[in-house]
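Visitor: Got a minute? I'd like to talk through this structure with you.
Guide: Sure, let's bring it up.
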Amino acid sequence: MTAKEAAKKAQFRILLADAGTVEFDYISMFPHVYGFPAILSYAFRIFGTCVSTALYFNLAASMLSCVLVWVITRMIAGKPAGILALAIMCFFPSMILYSNFVASEPLFTFLLLLAMYLFTLSMKETPFKKKVP
C-alpha cells in the first residue's frame, strides 16, 4: 500500500468514525463481497454459526435455483422442456460443485434466476399488444 492510499484510507476511516457508522478497523478493498456475508448472517442468526449452516444455505439456494429453472422454462417452452431443463440444471457440474463450498455463486445464481422469473412473469401478464408506428 502506498502512502497516498494509506492517507486516503485513514481519511475515510476518520469520516466514518465521526459519523458513528463504524467501530471497526478494517475497510475492505473489495466492496462487492459485502452482499453474501450480509445475507448469510441472517441464516447464522436463525440456525447458528457453524459451517454446516452455510453449506445447507447454499444447498437450499441451489435447489431453489433448479426449481426456478424448471418454472421459467415451463412458462416459456412447455412442460417437457421444463423437465429437461430441470434435469440438466440438477446434474450440471457447477451446481454440484459450488453447493459443497461456502461460496456466493449458489446465492447469486438463485437471485439472477429469481429476477429472470419475475421478468418472465411480468411479460406473460402484460404482453405487448401495441404496434410501433
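Guide: A ground rule on naming: helices are DSSP runs of H or I with at least four residues, numbered from the N terminus. Also, this is a predicted model.

Visitor: How confident is the predictor overall?
Guide: The protein averages a pLDDT of 81. Of the residues, 76% score at least 70.

Visitor: Which elements have the lowest and highest mean pLDDT?
Guide: Helix α1, residues 3–19, has the lowest, at 69. Helix α4, residues 79–90, has the highest, at 93.

Visitor: And what does low pLDDT mean for reading the model?
Guide: Where pLDDT is low, don't read the predicted coordinates in detail.

Visitor: On to α3. How many residues does α3 have, and how far does α3 reach?
Guide: Helix α3 has 27 residues, 51–77. From first C-alpha to last, α3 reaches 39 Å, close to the 39 Å expected.

Visitor: What follows α3?
Guide: G78, with a positive phi near 105°.

Visitor: Which residues in α3 are buried?
Guide: Among them are T53, A54, N58, C66, L68 and I72.

Visitor: Any charge over a ring?
Guide: The charged end of R74 sits over the ring of W70, 4.5 Å from the ring centre. Aromatic pairs number 0.

Visitor: Now cysteines. How many disulfides?
Guide: The count is 0.

Visitor: Why doesn't C90 bond to C66?
Guide: Because their sulfurs are 3.7 Å apart, too far for a bond. The cut-off is 2.5 Å. C66 holds the closest cysteine sulfur to that of C90.

Visitor: How accessible are C90 and C50?
Guide: C90 is partly exposed, at 33% relative accessible area. C50 is also partly exposed, at 37%.

Conventions:
Residues numbered from 1 in each chain as written. Predicted model: local features only at pLDDT ≥ 70, side-chain atom pairs only at ≥ 80, totals over all residues. Heavy atoms only, no water. Helix = DSSP H or I, 4+ residues; strand = E, 2+ residues; numbered from the N terminus. Expected span 1.5 Å × (residues − 1). Buried < 20%, exposed > 50% of the residue type's maximum accessible area, 1.4 Å probe, protein only. pLDDT = per-residue confidence, 0-100. Phe/Tyr/Trp six-rings, centres within 6.5 Å; stacked < 30°, edge-to-face > 60°. Lys NZ or Arg CZ within 6 Å of the ring centre and 35° of its normal.
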